[in-house]
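Thanks for making time. I will go through one structure, starting with a single side chain and working outwards.

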Amino acid sequence: MRILENIISDRGSKYAVSGGPCTSEQEAKAFLKELKRNKKFAKATHNTWGLLTDEAPIKNDDGESGAGMVILRMLEREEVRNHIIVVTRWYGGKHLGGDRFRHVQDAVRTYLESME
């Protein structure tokens, strides 16, 4: 499990991104359970994730409507399969509007670059 913390900060909201090998929805749930063993991540406002398995794409917005699809599109574009990416957000008290999607994209891009 790779975790990159404090990668984005905007109007009080803070972002982290994490990921690792994953081949099924069951493994994704286990990954999230392990991530949330860290109380900081358990208390996050959103742990949004996407995963392209050999069978089908799987995502979860965790209340951040549309963010899972942003992650999936980036995984598809980069042809990253069987690897979950989780974008974590701690809400800072101010709505970010469409900027939140840019932050999700930036977080995923940062993670993918760290894999190279």
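Start with the side chains of Arg 89 and Glu 64: a polar contact of 3.0 Å joins them. Keep in mind that this is a predicted model, so that contact is a computed one.

Where does Arg 89 sit? It is in strand E5. Is Arg 89 buried or exposed? It counts as buried, because its relative accessible area is 4% and the cut-off for buried is under 20%. Setting aside neighbours within four places in sequence, Arg 89 is in contact with ten residues you can pick out on the screen: Ser 13, Lys 14, Tyr 15, Ala 44, Thr 45, His 46, Glu 64, Lys 94, Leu 96 and Arg 100.Now the sheet that holds E5. Five strands make up an open sheet, and their order is E1-E2-E5-E3-E4, with antiparallel pairing. The strands at the edges are E1, residues 2–10, and E4, residues 57–60, and each of these pairs on one side only. From one strand to the next, the twist averages 15°.

Take the E1 end. How many bridges join E1 to E2? There are six, between E1 and the antiparallel strand E2, residues 13–21. One pair to find on the screen is Ser 9 with its bridge partner in E2, Lys 14. Lys 14 is also among the residues in contact with Arg 89.

At the other end, E3 and E4 pair over four bridges, again in the antiparallel sense. A hairpin of four residues connects E3 to E4. Across that pairing, Trp 49 stands opposite Asn 60 in E4.

Next, the helices on the sheet. Helix H1, residues 25–35, lies across E1, E2, E3, E4 and E5, and runs at about 40° to E5. Helix H3, residues 67–78, also packs on the sheet. Which strands does H3 touch? They are E3, E4 and E5, and the direction of H3 makes about 35° with that of E3.

On to the nonpolar cores. As background, nonpolar side chains in soluble globular proteins tend to be buried together. Here the largest nonpolar core has 19 residues. The residues with the most contacts inside it are Val 17, Ile 71, Leu 75, Ile 85, Val 87, Val 104 and Val 108. At least two residues come from each of E2, H3, E5 and helix H4, the last spanning 99–115. Which element gives the most to this core? H3 does, with six residues.

Leu 75 is one of the well-connected members of that core. Not counting neighbours within four places in sequence, Leu 75 is in contact with Gly 50, Leu 51, Leu 52, Val 80, His 83 and Ile 85. Apart from the largest core there is another, of 14 residues, including Ala 16, Cys 22, Phe 41 and Ile 58.

Phe 41 comes up again with the aromatic rings. The structure holds one aromatic pair. It consists of Phe 41 and Trp 90, with ring centres 5.3 Å apart and planes at 65°, so the pair counts as edge-to-face. Phe 41 is in helix H2, residues 39–42, and Trp 90 is in strand E5, 49 residues apart, and the pair links distant parts of the chain. Are these two residues buried or exposed? Both Phe 41 and Trp 90 are buried.

Back to H3 for a residue with more of its area accessible. Met 69 is in helix H3. Met 69 counts as partly exposed because its relative accessible area is 33%. Leaving out residues up to four places away in sequence, Met 69 touches Lys 59 and Asp 61. Its C-alpha atom is separated by 14 Å from that of Gly 98, which is 29 residues away along the chain.

Last, the backbone after H3. Most residues other than glycine have a negative phi. Which residues in the loop between H3 and E5 should you look at here? Glu 79 is in that loop, and has a positive phi of about 55° although it is not a glycine. Glu 79 counts as exposed, because its relative accessibility is 68%. Asn 82 is found in the loop between H3 and E5 too, and its phi is near 55°, also a positive value in a residue other than glycine.

That is the end of the tour, and I will take questions.

Definitions and conventions: Residues are numbered from 1 along each chain as its sequence is written. This is a predicted model: local features need pLDDT of at least 70, side-chain atom pairs count only at pLDDT 80 or more; totals for chains, interfaces and linings use all residues. Side-chain values use heavy atoms; hydrogens and water are left out. Two strands pair if DSSP finds at least two bridges between them. Axes are lines fitted to C-alpha atoms, for helices over the stretch in contact, and angles run from 0 to 180 degrees between N-to-C directions. Contact means heavy atoms within 4.5 Å. Buried means under 20% relative accessible area, exposed over 50%, partly exposed in between (1.4 Å probe, protein chains only). A polar contact is a pair of N or O atoms within 3.5 Å; within protein, one must be able to donate a hydrogen and the other to accept it, and residues adjacent in sequence count only if both atoms are side-chain atoms. A nonpolar core is a set of buried Ala, Val, Leu, Ile, Met, Phe, Trp, Tyr and Cys residues joined through side-chain atoms within 4.5 Å. Rings of Phe, Tyr and Trp (its six-membered ring) pair if their centres lie within 6.5 Å; planes under 30 degrees apart count as stacked, over 60 as edge-to-face and the rest as tilted.
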